[in-house]
Amino acid sequence: MIINSNSINNLKIRKILMIDDELKELEGDKKFQMALSVISRFSADQNLYSKLVQLIDENIVEDILSYEDFNILYENEDIRDIVINAVCEFKADAFYGSAYPIYQKLCTAFQGINVDFLTDPLKPGKKKLADYDLIFMDYEYSTNTTALEIIHKLKLNRGSLNYIIFLSGKDTFTYHNESYSMTGPEFKQDLLRKVRSDNFSEFSALINYLNKEKTTDEIIFNYELNQILEEFNSGRIMTESIESLGKLLIDGVNDAQKQLMLTNTKTMKAVITEKLEKEGVSETSFLIDLSVSIVKNLINSNIPQLKNIHKKIENITGWEGAIWDYETDKHIRDLRELQILDKTVNTRFSPVDFGDIFTFSLNGKQVRGLLVAQTCDLIVRWQDEALGRHANVSMFILEESEETRQKKGILKYRIGEHKITWNLRRKLLVPTKILDLASLNLDGACSFKVDQEITRQFSWGSYYTNHMKNCIKDIASVITKKGVNIFWEDGIAWPFKRRKDTITFPLSRWARLDYLHALEIYKQFLDIESRVPIVKDISDEPLLLKQIKTKFNNKDARINALINELGGSNFYFDYDNLISFLKQETRAEGLFDSLASELKMDHFIAKQQHGKRLLEIDPKNSILTELLSNYGININLSKDKTLVNIFFKPNKWKGEDEVAALSE
């Protein structure tokens, strides 16, 4: 097997480098002793003899090869050097480290491409590593360092791709004190992508791994190389798409910055001080939302760049080769979590808002709840000459922490790697002042210290700052003793604990769910809450039935069978007509009277329009079909729904007398 030329061309591989400290050439006495060893092993080899006699006297060659008389080599330095060099040419791999056979296989595999080698990656000499398209790199070095620890020092390309293959006899790598099994595709890809992502500002290389055990056999070695090059091709296509997307984002951010720079200071002051403070929105939140909206619209207006991205992505969806990559559900879930879950809500001291997820300690269990009070009701405003808000009490939708068979009102939801089952019927009311305390702490805990001084935090407006001061005063005013106390608000009591000067409520803010996703959960909650019980119309729409042919044990029969003209798999019998026909079967006297006693009301439909009782046969109703089968009756509807065939085998039914006889 040879290396696929299409992969080499797609990756534009023109220069290859192998880095391994076991590629060092032997020097001094070690080289001399290796030459003597080679001479002893190949003393009868004609090629070695021919090479030496061209350089030194034939008698000397005879002494060295035939009699292993090496005295001349110790005595004459010039002859010694000539012999050593000749032996090196004859058996070059003997004078290099243990990694040299791999290097030779690379030279054979990539014929026509220059393959260089380097023994110390941090001392490249005149070699510039960024010039090499494909780099084979040993994982461990004699300096007790690994390739993962020094890869950022190699001065690789930032603007174009290098391809790196780690060579190692180990199948477990360590990165940031975490171990990764390189035999598991998910773990391997997880590590290699992390390395590339962590060093994104340093280089744009794609990385892979090959165990040295697979380099011994040339066929296996070349096969593994082809697989890796296919993976690189997949990664190259994805990288080009991401880089195009990155350029689009950068252009959008730059355009947004240009637009914002047109805003003068007076306008900005008017927007923030006069409007935002009155609306109760922080200046940082406003500016971030404004900037993101501008960037989004400017990106969508960059049609040429969008076309370029579309073209790149077409390479992924339209590539005829296999995508040599592995699914990483965990990574996709991580991206999903970044997309819809804001975990920095506490570290920026954000005021409570719609979509905040709190963790409650209820009955000794930790339960999450989704805040569904509307943003406009939670905002603190200056109104009627005082600070206030509309939502003094806020409602939460709680999760169902245990498995439940309940279906209605249960919403299973995944947020990244977090699976939450919301119970839309399980609600909790909390005084909003208690929730406000979460914005005081980096961990989102609803706690404060008595006489704590409140300063304007990262994203607070001055109205909210003053509101927080009032909250602490209100809660502190009800403290009566150390231990458990009760805080009342709008008829709702919430316990809190006092330990020394710290007041703590049994809840904390975890994160904030994206507005649209929180709104979808709230909408389903409202659908449950707003259901109206309406008296059902007990009448029913008429059935449009048509007659179809019937057979009894494959013979034509005068039995009234009908089917719905509008379709469906159910069919119907005129019950009285069916029983009258079946009673003609003398082989099963008493059978049909017994069957009639077991049929129930829900097996029939009573339609005034038909003036008769219709027995409804539903092929999916296993209870009815099993009942008929117990009496030896099996009914089949043809595929074209034009014929019903009734099969009756009375020997399958045991009458009462037979049952009694059997019991005796």
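A residue is called buried here when its relative accessible area is under 20%, exposed when that value is over 50%, and partly exposed in between. The exercises below apply these terms to a predicted model.

**Exercise 1. Find what share of the 664 residues in the chain is buried, and describe the chain as a whole.**

Begin with the burial: buried residues make up 42% of the 664 residues in the chain. Next, turn to the secondary structure, where the chain holds 22 helices and 27 strands. Then consider the contacts between residues at least 6 apart in sequence, of which 67% join residues at least 24 apart. Finally, look at the confidence of the prediction: the mean pLDDT of the chain is 82, and 90% of the residues reach 70 or more. Over residues 656–664, however, the pLDDT is below 50, and beyond near neighbours in sequence this stretch has three contacts in the model.

**Exercise 2. Compare the expected span of helix α18 with the distance between its end C-alpha atoms, and then work out where its buried residues lie around the axis.**

Helix α18 covers residues 515–529, and its 15 residues, at 1.5 Å a residue, should span 21 Å. The end C-alpha atoms of α18 are 21 Å apart, so the model agrees with the expectation. The next step is to list the buried residues of α18, which are His 517, Ala 518, Ile 521, Tyr 522, Phe 525 and Ile 528. Because these residues cover an arc of only 140 degrees around the axis, they sit on the same side of α18. One last step concerns the N-terminal end of α18, which is capped by Asp 514, with a side-chain oxygen of that residue 3.2 Å from the backbone nitrogen of Leu 516.

**Exercise 3. Carry out the analysis for helix α17, and state what covers its buried residues.**

Helix α17, residues 462–476, has 15 residues, and the distance from its first C-alpha to its last is 21 Å, close to the 21 Å expected at 1.5 Å a residue. The buried residues in α17 are Tyr 464, Thr 465, His 467, Met 468, Cys 471, Ile 472 and Ile 475. They cover an arc of only 160 degrees around the axis, and therefore lie on the same side of α17. The elements that cover these buried residues include the helix α16 (432–436) and the strands β12 (386–388), β16 (445–449), β17 (483–489) and β19 (502–513).

**Exercise 4. Trace the strand pairing that leads from β9 through β10 and β13 to β15.**

Start with strand β9 (residues 356–362), which pairs with β10 in the antiparallel sense over six bridges. Within this pair, Phe 360 stands opposite Val 367 of β10. The two strands form a hairpin with two residues between them, where Asn 363 takes a positive phi near 55 degrees.

Continue from β10 to strand β13 (residues 393–399), to which β10 is joined by three bridges in an antiparallel arrangement. Here Leu 371 stands opposite Phe 396 in β13, and the bridge partner of Gly 369 is Leu 398.

The last step goes from β13 to strand β15 (residues 418–431), and these two strands run antiparallel with six bridges joining them. Ser 394 has Val 430 in β15 as its bridge partner.

As for burial, five of the seven residues of β10 (residues 365–371) are buried, so this strand is largely enclosed by the rest of the structure. Five of the seven residues of β13 are likewise buried, and β13 is therefore largely enclosed as well.

**Exercise 5. Determine where Lys 12 and Asn 177 lie, and whether each is buried or exposed.**

Most residues other than glycine have a negative phi. Lys 12, by contrast, has a positive phi near 55 degrees, and is found in the loop between α1 (5–11) and β1 (15–19). Because its relative accessibility is 58%, Lys 12 counts as exposed.

Asn 177 also has a positive phi, of about 65 degrees, although it is not a glycine. Asn 177 lies in the loop between β5 (172–175) and β6 (178–181), and its relative accessibility of 79% means that it counts as exposed.

**Exercise 6. Place Ser 594 in the model and classify its accessibility.**

Ser 594 belongs to helix α20 (residues 591–598). With 22% relative accessibility, Ser 594 counts as partly exposed. Its C-alpha atom is separated by 9.1 Å from that of Tyr 631, although the two residues are 37 residues apart along the chain.

How values were computed:
Residues numbered from 1 in each chain as written. Predicted model: local features only at pLDDT ≥ 70, side-chain atom pairs only at ≥ 80, totals over all residues. Heavy atoms only, no water. Helix = DSSP H or I, 4+ residues; strand = E, 2+ residues; numbered from the N terminus. Expected span 1.5 Å × (residues − 1). Buried < 20%, exposed > 50% of the residue type's maximum accessible area, 1.4 Å probe, protein only. Arc of directions from axis to C-beta. Polar contact = N/O pair within 3.5 Å; in protein donor to acceptor, adjacent residues only side chain to side chain. pLDDT = per-residue confidence, 0-100. Contact = heavy atoms within 4.5 Å. Pairing = 2+ DSSP bridges.
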